[in-house]
Amino acid sequence: MTLSRDAALNVANVLTEALPYIQRFAGKTIVIKYGGNAMTDPELENSFARDIVLLKTVGLNPIVVHGGGPQIGELLAKIGKESKFIDGMRVTDAETMDVVEMVLGGLVNKSIVNLINQNGGRAMGLTGKDGNLIRAKKLYIERLQADGTIEKIDIGQVGEVAGIKTDVLDIFIASDFIPVIAPVGVGYEGESYNINADLVAGKVAEALKAEKLILLTNIPGVLDKNKNILTGLSTQDVDALIADGTIYGGMIPKISCALEAVKGGVVSAHIIDGRLHHASLLEIFTDEGIGTLITNRKGRGKKA
């Protein structure tokens, strides 16, 4: 197939626009949380895999952290086990934890690894239990009671990140391999914990002092009250938007994850629409980007 002159010029313009960003971010670490609809649409899955290979090929160091909630729910349903949630968190008893590890560490993880490899990359899958990569501790849901006391609700083997062993990831960063991480952590007595993938991605980015944390979501980004995408936000801006109710409900945990990562040393966090083809490339390598950027840097405008 031969490109028309206009199409060829468009390709050249795209490459020219991307060049300064490729130069700026060469050698930098980018942590990408992958999940949602992008994991259930074959075209989007392949698009994502090609993007990751391209990032590595032009000199960036992508690290993928993936979810898999729908796939876990499907397998639980097949074995006749009901999925239960409290405040959006999956109640994870021992039997459910076995399914979580099988789906996240096996089916989903190896599928992503295979896709990246089929697109010319060199991916390797691991869970937080490999090399004690993700140290975890038990997470309790806390609820304020009418009398002012705090009720702690036990939801089973659900954890939060207690620490990241960066030396495990340093091996990948220094090599041609792309790590693909399933968010299963290990406790100090060897117990397994199911951890939210956004939280793991944020803590990995924070521990590595990554250039960027990219959260692929099912929305265009953070929206104002008129449904316009907000971007170029400082951490103070985000705090104010939460306080005035612009950011609310289910968006708060994701925003809080991005906010904590930036406050912890990540240069910028991006919340973008994973339902778009090549979403990561559009956000990283174009002047305008496509989603919400949060950064502590001053005077950087849309891009950081």
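**Exercise 1. Describe the second largest pocket: its volume, its lining and the elements behind it.**

Start with the volume: about 410 Å³ for the second largest pocket. Here a pocket is an open set of points on a 1 Å grid over the protein atoms alone, where a 1.4 Å probe fits, with protein on both sides within 12 Å along at least five of seven lines. Volume is the space filled by probe spheres set on the points, which are joined across faces, edges and corners.

Next, the lining (residues with an atom within 4 Å of a point). It has 14 residues; Val14, Leu15, Leu54, Leu281 and Phe285 are the closest to the centre.

Then the elements. Helices H1 (5-25), H2 (42-57) and H9 (279-285) give two or more residues each. H1 gives the most, five. Helices are DSSP runs of H or I, at least four residues; strands are E runs of at least two.

Last, the classes: nine nonpolar, two polar and three charged. Nonpolar means Ala, Val, Leu, Ile, Met, Phe, Trp, Tyr, Cys and Pro; charged means Asp, Glu, Lys and Arg; the others, Gly among them, are polar.

The model is predicted: local features need pLDDT of at least 70, side-chain atom pairs 80 or more, and totals for chains, interfaces and linings use all residues. Numbering runs from 1 along each chain as its sequence is written, and side-chain values use heavy atoms, without hydrogens and water.

**Exercise 2. Do the same for the largest pocket.**

Volume: about 1,300 Å³. Of 44 lining residues, Gly88, Met89, Asn196, Ala197 and Asp198 are the closest to the centre.

Elements supplying at least two residues include H3 (69-78), E7 (150-164) and H6 (197-208). H8 gives the most, seven.

Classes: 20 nonpolar, 14 polar and 10 charged.
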